Amino acid sequence: MRPHYNKVSPALLTELGAAIGEENVFTSPAALERYKTDEEADERCFAVPEAVVRPGSAQEIAAVVKLCNKYLVPITVRGGGTGLNDGAIAQEGGIVLLTERLDKILELNKEGLYLAAEAGARTLDIQNRAKEAGLLYAGDPCSAESCLIGGNLATNAGGNKAVRYGVTRHQVYGLEMVTPTGEIVTLGGPLKKCSTGYCLEQLAIGSEGTLGIITKVILKLLPLPPYKADVLAVFTEPLAAIGLVAAVNKADLAPTSLEYMDNPNVQSTAEFLHFKDVPRKEDGIYVIITLETFDEDELDRKIEQLSELCEKAGAVDVLEADERIWAMRRNCLESVRLVSKVCTTDDVVVPVDELSGMVSFVIATVAKYPFPLRINAHIGDGNIHIVLCKMELSDEEWEDNLRRFAEEVYTYAYAHGGRLAGEHGIGSKKAAVLAKFTPPGELDLMRKLKRAFDPNWILNPGKVLLLEDE
Ligand SMILES: Cc1cc2nc3c(=O)[nH]c(=O)nc-3n(C[C@H](O)[C@H](O)[C@H](O)COP(=O)(O)OP(=O)(O)OC[C@H]3O[C@@H](n4cnc5c(N)ncnc54)[C@H](O)[C@@H]3O)c2cc1C
């Protein structure tokens, strides 16, 4: 049975205004309209919330959550709104809760090597603050300019440095969150190790706002390697490019990044950014490899070794990657909109040794479908983004083809040890396929957890887990 929700009432609005200030409660049509979508461009998925709130502290968030439990009104949490699976859209109505006022970087501890920040701090600002202190915050999603750190934890974001340093969950020592019933809890702390009961902070990470609202984070910092080289290996065959991954891993080069862009991505990002003379624009497939070391000679040796491996793998050019190449990689998604306003970015992840098979399967399979394909990938992590464009297809044709294509791809991925999402999460877009592809025991545990944390099913309903099954 679906949980029961009420509409936002004047009484609730009055109590919200008293709790967080009337100026932080929005109900005008123009204000609500702004939050009807996140990165989603398909209007059929938009949902205008009934109210938007902008609390300024964990205490105020806790007050909002308590009121929403009292009135049985759902809350959808929003960070930077850059999520790719409709996670910040209030599809069940109710309230959108903005975290943007919690934007302070609270402490950078050079001796303890950690940084504490509020959840609404921008990821790029955290990276820059660490860099100014000669340190590294290793979380690095391509959206760092516009996403917020709380959103990164909520989705367990990956990004460009995960191949060496891991994903967001590997950068987090602790966090503060407001539970779905409105208590403020501190989970974990700035500890290098901890074996003290259940590891609840890790449970909150990746829970996409369904188990709590993250209000503060304590992040790991690392020494910043002073020597760095970005190498661009240009290929003309996708499988040759992917073959480089195993060679690099075996050579123990420990790259910081190992990124892939197919030729449609190379072309459209070059056009999007007005770069006229990038290498092999007409047929090149790019693999970008970043090496970082603490020793200059070591870097030189690694560059030489890497160049040899690239040539052996079939690269037609091995060059220094200038800033334009990284700008292109960061704009893969944005540039797709030049081709098609509505598109989808899938995010399957497979064991790295299954990556060539997965990419071959995707390329062969898409040939049966009416949409153009482009692939960008964090190939070092086995994580590929399959971007499909709606173009001129009708809504029905798009839906039907997309569903059948995704079914084929996920079936292949699961048969080869893969999963639906490497870093973008599930949101509402993939909740049905999560229910279908997750082993029943695992899915049952997820539902039990959600019920235990959120008895009224107030937080982000319809995200990760289907409401219909409740
Ligand atoms: C151009 C572009 C490039 C991208 N590149 C990458 C990439 O390289 N790697 C990657 O992993 N992702 C990438 N993404 C996806 C997206 O940026 C990430 O998922 C990011 O972590 C979302 O953060 P956000 O602040 O925008 O969150 P939102 O989009 O606002 O929210 C995402 C989800 O988290 C929940 N949430 C947000 N804040 C909180 C909070 N404080 N507490 C609890 N729940 C919360 C929301 O309810 C929602 O379910 C990219 C997106 C774009 C548009």
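**Close-up views of the ligand site and an open sheet**

**View 1. Ser143 meets the ligand through its side chain.** In this predicted model, a polar side-chain atom of Ser143 sits 2.6 Å from an oxygen atom of the ligand. Have a look at the rest of the ligand, too: on its own it would expose 970 Å², and the protein buries 97% of that. Ser143 is also listed among the closest residues around the ligand, together with Val77, Gly79, Thr82 and Gly83.

**View 2. Two nitrogen contacts of the ligand, with Glu423 and Gly209.** Here the protein partners are a side chain and a stretch of backbone. From Glu423, a polar side-chain atom comes to 3.0 Å from a nitrogen atom of the ligand. From Gly209, the partner is a polar backbone atom, at 3.4 Å from a ligand nitrogen atom.

**View 3. The shell around the ligand has 37 residues.** By type, this shell divides into 13 nonpolar, 19 polar and five charged residues. Four elements, β3 (75-78), α5 (149-155), β10 (213-220) and α12 (332-336), each bring at least two residues to the shell. If you want to follow just one of them, pick α5: with five residues, α5 gives the most.

**View 4. The ligand lies between domain 1 and domain 2.** Stepping back a little, we can place the site in the whole chain, which is divided into domain 1 (10-101), domain 2 (105-223), domain 3 (227-333) and domain 4 (340-415). Both domain 1 and domain 2 contribute residues to the shell, so the ligand lies between them. For a sense of scale, the C-alpha centres of domain 1 and domain 3 are 41 Å apart.

**View 5. Seven strands form an open, antiparallel sheet.** Reading across the sheet, the strand order is β15-β12-β14-β13-β17-β18-β16. At the edges you will find β15 (317-320) and β16 (343-346), each of which pairs on one side only. From one strand to the next, the twist averages 15 degrees.

**View 6. Inside the sheet, β13 pairs with β17.** Strand β13 covers residues 257-261 and strand β17 covers residues 373-378; the two run antiparallel and are joined over two bridges. To find your way in this close-up, start at Tyr260, whose bridge partner in β17 is Ala377. As a reminder, strands of a sheet pair through backbone hydrogen bonds, in either a parallel or an antiparallel way.

Notes:
Residues numbered from 1 in each chain as written. Predicted model: local features only at pLDDT ≥ 70, side-chain atom pairs only at ≥ 80, totals over all residues. Heavy atoms only, no water. Near = heavy atom within 4 Å. Polar contact = N/O pair within 3.5 Å; in protein donor to acceptor, adjacent residues only side chain to side chain. Areas by Shrake-Rupley, 256 points an atom, 1.4 Å probe, with all protein chains shown as cover. Nonpolar A, V, L, I, M, F, W, Y, C, P; charged D, E, K, R; others polar. Domains from an automatic or database assignment. Pairing = 2+ DSSP bridges. Axes fitted to C-alpha atoms, helices over the stretch in contact; angles between N-to-C directions.
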